[in-house]
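Work through the exercises below with the model open in your viewer. Try each task before you read its solution.

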Amino acid sequence: MFENSSIMIITDESEPKILKIDTDAKTQISICNAFSDAVSKLFQNKQQIIFNGSYKPDNDEYLTIRNFQIPNDIQIAIQNPLGVSSYGINDNKFPDIKSFFVGEYVQTNNSRKLSIAFQRFRKEQYIAKKNWYNLFFDNNTFYQENKFGFSISNNIDCFYDSNELHFLSFYFARQVLDLNQYYRIATEQDINNFITNDKLCIENPTIFMDISDTFIRRKIAIINDSEILTKYSAMQIKNIAKKVNINIKVKNKKIIIPNNKSEIKIILKFLDEEIYQGAFSQHLFLTNSKRQMNV
């Protein structure tokens with residue numbers, strides 16, 4: 001895989017660009033082989049789990065987003081690498097790097113196949129830094145090198161193949177590609193709708209808005225989508241919570257949402273079914289990962 005593929009980058013700019021890294025043949029082959037091996041390791045002895053935004057995979061699992069739309073500019077770059085400008089060669093400008101990728105496009109009479117391996121870029125991968133002494137070892141002596149450079153690791157953070165995106169960590173994969181549409185968080189309008197829901201009484205809407213971080217927004221989106229607050233009354237929710245020793249207060253047929261952020265998160269986690277009682281110990285447990293089990 002990736003034989004004779006070009007090594008490319010996505011720039012970390014307000015308007016990202018695709019650029020090609022020109023290397024000697026030996027370096028190109030080594031990097032492409034490393035990315036190919038990393039793809040094999042991604043799947044090796046692992047079970048596929050369809051991504052739902054609520055489950056963190058175990059060491060023997062990987063996540064998949066189906067029907068993933070890869071950006072057109074990346075597709076075009078893979079199909080026509082000769083048309084891609086080289087990084088820093090012509091204008092001697094080196095914009096910040098967001099990620100590396102290598103890919104191949106295979107077309108037969110009746111089908112086409114696009115495969116791309118991505119690696120996020122971290123600032124520590126820059127070799128040359130201002131005011132630093134970059135020392136390299138040769139002939140039993142360290143010498144200073146002031147040339148600009150960066151390193152590429154032998155790992156990948158996500159792999160696109162046949163309209164599917166595969167990865168181990170959503171956190172790292174979203175540093176490479178825009179995955180917002182596959183991981184919905186509540187918009188300002190969603191939060192406003194939540195605050196004004198007739199099953200809820202928000203003690204202080206202004207404070208609630210101010211403390212609504214990514215976690216709270218994600219929970220609100222999930223709760224809205226599940227329609228829990230439509231299917232159950234405030235008293236029904238309170239009684240269900242009581243069975244697992246969660247104290248939910250109800251006033252005038254509305255669930256009281258306090259000002260305290262930690263208490264808010266407990267209520268939201270309960271509504272998202274992430275708090276449960278152990279079948280044997282009867283202890284109360286809190287989880288940050290779940291997926292529906294097929295029985």
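The exercises cover aromatic pairs, charges over rings, pockets, one helix and its end, and some loop residues.

This is a predicted model, in which local features need pLDDT of at least 70, side-chain atom pairs count only at pLDDT 80 or more, and totals for chains, interfaces and linings use all residues. Residues are numbered from 1 along each chain as its sequence is written, and side-chain values use heavy atoms, with hydrogens and water left out.

**Exercise 1. Classify the ring pair Y126 and F148, and place both residues in the chain.**

Step 1. Set the criterion. Rings of Phe, Tyr and Trp (its six-membered ring) pair if their centres lie within 6.5 Å; planes under 30 degrees apart are stacked, over 60 edge-to-face, and the rest tilted. The whole structure holds 23 aromatic pairs by this search.

Step 2. Apply it. The centres of the Y126 and F148 rings are 6.1 Å apart and the planes meet at 45°, so this pair is tilted.

Step 3. Locate the partners. Y126 is in the loop between β6 (112-120) and β7 (135-138), and F148 is in the loop between β8 (141-144) and β9 (158-161). The two are 22 residues apart, and the pair links distant parts of the chain. Helices (H or I, at least four residues) and strands (E, at least two) are DSSP runs, numbered from the N terminus.

Step 4. Check accessibility. Buried means under 20% relative accessible area, exposed over 50%, partly exposed in between (1.4 Å probe, protein chains only). Y126 has 17% and counts as buried. F148 has 41% and counts as partly exposed.

Step 5. Compare with another pair. F167 and F170 are also tilted, at 6.3 Å centre to centre and 55° between the planes. F167 is buried at 0%, and F170 is buried at 12%.

Step 6. Widen the view. Y126 and F148 belong to a cluster linked by ring pairs, together with Y87, F94, F100, F121 and F150.

**Exercise 2. Which rings have the charged ends of R120 and R291 over them?**

Step 1. State the test. NZ of Lys or CZ of Arg must be within 6 Å of the ring centre and within 35 degrees of the ring normal.

Step 2. Read off the partners. R120 places its charged end over the F172 ring, 3.6 Å from the centre. R291 does so over the Y55 ring, 5.0 Å from the centre.

**Exercise 3. Describe the largest pocket and the second largest pocket.**

Step 1. Define the object. On a 1 Å grid over the protein atoms alone, a pocket is an open set of points where a 1.4 Å probe fits, with protein on both sides within 12 Å along at least five of seven lines; lining residues have an atom within 4 Å of a point. Volume is the space filled by probe spheres set on the points.

Step 2. Take the largest pocket. Its volume is about 500 Å³. The lining has 21 residues, with G53, K56, F170, Y183 and N288 nearest the centre. α3 (170-173) and α6 (214-226) each supply at least two of them. α6 gives the most, with 5 residues.

Step 3. Take the second largest pocket. Its volume is about 320 Å³. Of its 15 lining residues, S54, I222, D272, E273 and K290 lie nearest the centre. Here too α6 gives the most, with 6 residues.

**Exercise 4. Which residues of helix α9 are buried, and what follows the helix?**

Step 1. List the buried positions. In α9 (residues 261-271) they are I264, I267, L268, K269, F270 and L271.

Step 2. Move past the end. Just after α9, E273 takes a positive phi of about 60°.

Step 3. Take E274. This residue lies in the loop between α9 and β14 (275-277). At 2%, E274 counts as buried. Its side chain makes a polar contact (N or O atoms within 3.5 Å, one able to donate a hydrogen and the other to accept it; residues adjacent in sequence count only if both atoms are side-chain atoms) with the side chain of K269, at 2.7 Å.

**Exercise 5. Where do N140 and E227 lie, and are they exposed or partly exposed?**

Step 1. Recall the background. Most residues other than glycine have a negative phi.

Step 2. Take N140. Its phi is positive, about 65°. N140 lies in the loop between β7 and β8 and is exposed at 70%.

Step 3. Take E227. Its phi is positive, about 60°. E227 lies in the loop between α6 and α7 (228-231) and is partly exposed at 43%.
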